[in-house]
Amino acid sequence: MELVEERSFRYRIEPHAGMRVPGVVFASRALLADAEQSLEQVAHVATLPGIVAASYAMPDIHWGYGFPIGGVAATDVDAGGVVSPGGVGFDISCGVRLLAADCDGDTLRPALTAVMDGLDRTIPRGAGPGGVWRPGAGELERLLAEGSRYAVERGHGEERDLLRCEDGGAVADADVAQVGQRARERGLGQVGSLGSANHFLEVQRVAEVYDGPAASAFGIGAGQVCVMIHCGSRGLGHQICSDHVRLMDRAMARYGIRVPDRQLACTPVESPEGQAYLGAMAAAANYGRANRQLLSDAARGVFRRAAGVGLSLVYDVSHNLAKIETHPVAGERRQLCVHRKGATRAFPPGHPELPADIREFGQPVLIPGTLGTASYVLAGVSGGDAFHSTCHGAGRTMSRHQAARSVTSGELRERLRHAGIAARPKSWRGLTEETPEAYKDVDAVVAASEGAGLCRRVARLVPLGVVKG
């Protein structure tokens, strides 16, 4: 597929083969070296009814279900624009939460082993059931409707947590009735758990600050200890995606919709099927927010008991969601359904939806690294493209089987030990699937995102210890 370089870190795919808009890819040539299959998905997304501006891809682009991971697309709600579950993905509201400790790395070091052992015992993880809280009768419905707000109401956090969480801790318009029985069953036993794959809870140290005033406003400083949590809506979100893809696949013909890939199953936003999916998706997003809230509460307990250290929320933001937002299109404000799949919302300074105490600096954007590599705190910028979106992580380059064959568990354990990283995996053999070589260079991804004008760097964090499924 031909890519035309428009300027540094910005490439264009001209409309062809049914594309309604161009493809726009933010990356460097090096980051796109193995992206042929995912670039084809960018072109496929550009065929969706009602799509506006472009089918966008972030520097961490890689192949996904229907949409590429790292894909952003917005459809015009009032012009028959569609919503596609493939534009959100199976792990609805997968996202990142960052907490800042009231100590620095040197202070924590004597207690780090006790902290990591405590987290190892306390944080549920792995592919199966198990969580820090099992909701009773009626409680799951409230959690799906109210997200982190309900978790805090039940004593699992503090009011400030809601102020520093996207959407105040809960997505509006959740329709719990659209969450099927199987999804509820899967979700009931996993509330407050990491899951597996690339999800983690990591103890980190702020290694470098690029924007002092923004970092200070966010609540972080050089040398400070932080805790990053990366997880989503577990089996509940996966089941909701599966259920609604099937419903939309059967319904498309009624709306005269044809797509080049059945994984792009979609219906108009305002159709019964579109509204049902958005209601169920919002409920799953609330589950994901509550999941991270409960894990935060569990981590706070470990840090308090093992080291006498407190943790304050910096921010919590999703990178798998479709949201109804208003943006300018051809000089006119339009109501759009913005799909971000493996892409993070990055609202600019002054945006009214941002908390008042950080509004002048732009929205915090949290970028998790890979096993043993750096993570980043970024911020939204004025004039940001792709409906104020940016990258979400490093972006996978190897399958899990390929990664596991590239390194032994003993080799990986020794590398982490040599780097001074206290790892607590559920399985060392399983951890080889997440070896750093399986991902793009997160530093290069962030540099391309900033170079493309999507965000700016605020701080770089390095791992001290990691808990993984």
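1. Helices and strands in this note are DSSP runs, a helix having at least four residues and a strand at least two, and they are numbered from the N terminus. The model under discussion is predicted. With that convention, Ser 93 falls in the loop between β6 (82-83) and β7 (95-104).

2. Ser 93 deserves a remark on its backbone. Its phi is positive, at about 60°, although the residue is not a glycine. The relative accessible area of Ser 93 is 0%, so the residue is buried.

3. Asp 173 also has a positive phi without being a glycine, with a value near 70°. This residue is placed in the loop between α6 (159-163) and α7 (181-188). Is Asp 173 buried or exposed? Its relative accessibility is 68%, and because the cut-off for exposed is over 50%, Asp 173 counts as exposed. Asp 173 returns in point 8, among the residues of a pocket lining.

4. At the N-terminal end of the numbering, strand β1 (residues 4-7) pairs with strand β2 (residues 10-13) in the antiparallel sense, over three bridges. Within this pairing, Glu 5 is found opposite Tyr 11 of β2. The two strands make a hairpin with two residues between them. Phe 9, in the turn, has a positive phi of about 65°.

5. Strand β2 has a further partner. It pairs with strand β3 (residues 23-25), in the antiparallel sense and over three bridges. Here Ile 13 stands opposite Gly 23 of β3. As background to such pairings, side chains in a regular strand alternate between the two faces of the sheet.

6. The aromatic contacts come next. Four aromatic pairs are found when the whole structure is searched. One of them joins Phe 26 and Tyr 56 in a stacked arrangement, with 5.9 Å centre to centre and 10° between the planes. The pair links distant parts of the chain, 30 residues apart: Phe 26 is in the loop between β3 and α1 (36-45), and Tyr 56 is in strand β4 (residues 51-62). Both Phe 26 and Tyr 56 are buried. Tyr 56 also pairs with Phe 387, this time edge-to-face, at 5.8 Å centre to centre and with 85° between the planes. Since Tyr 56 belongs to strand β4 and Phe 387 to helix α11 (residues 385-388), this contact ties together parts that are 331 residues apart in sequence. Phe 387 is buried, as is Tyr 56. Phe 26, Tyr 56 and Phe 387 thus make up one aromatic cluster.

7. A contact between a charge and a ring should be listed as well. Arg 457 lies over the face of Tyr 210, at a distance of 4.3 Å from the ring centre.

8. The second largest pocket holds about 390 Å³ of space. Its lining consists of 21 residues, of which Val 171, Ala 172, Asp 173, Lys 323 and Ile 324 are the closest to the centre. Which elements each supply at least two residues of this lining? They are α10 (272-307) and β12 (320-329). The contribution of α10 is the greatest, at five residues. By class, the lining of the second largest pocket comprises ten nonpolar, three polar and eight charged residues.

9. How many cavities of 30 Å³ or more does a search of the whole structure find? There is one. The largest cavity contains about 50 Å³ of space. Its lining is formed by Glu 166, Ser 318, His 319, Leu 321, Lys 323, Arg 340, Ala 343 and Arg 345. These residues divide into four charged, two polar and two nonpolar. Lys 323 lines the cavity and is also listed among the residues closest to the centre of the second largest pocket.

10. A final point concerns Glu 153, which is located in helix α5 (residues 148-153). Its relative accessibility is 51%, so Glu 153 counts as exposed, given that the class requires a value over 50%. Between Glu 153 and Gly 86 the separation is 67 residues in sequence and 33 Å in space, taken C-alpha to C-alpha.

Technical notes. Residues numbered from 1 in each chain as written. Predicted model: local features only at pLDDT ≥ 70, side-chain atom pairs only at ≥ 80, totals over all residues. Heavy atoms only, no water. Pairing = 2+ DSSP bridges. Phe/Tyr/Trp six-rings, centres within 6.5 Å; stacked < 30°, edge-to-face > 60°. Buried < 20%, exposed > 50% of the residue type's maximum accessible area, 1.4 Å probe, protein only. Lys NZ or Arg CZ within 6 Å of the ring centre and 35° of its normal. 1 Å grid on protein atoms, 1.4 Å probe; cavity = no way out; pocket = protein on both sides within 12 Å on 5 of 7 lines; lining within 4 Å. Points joined across faces, edges and corners; volume = space filled by probe spheres on them. Nonpolar A, V, L, I, M, F, W, Y, C, P; charged D, E, K, R; others polar.
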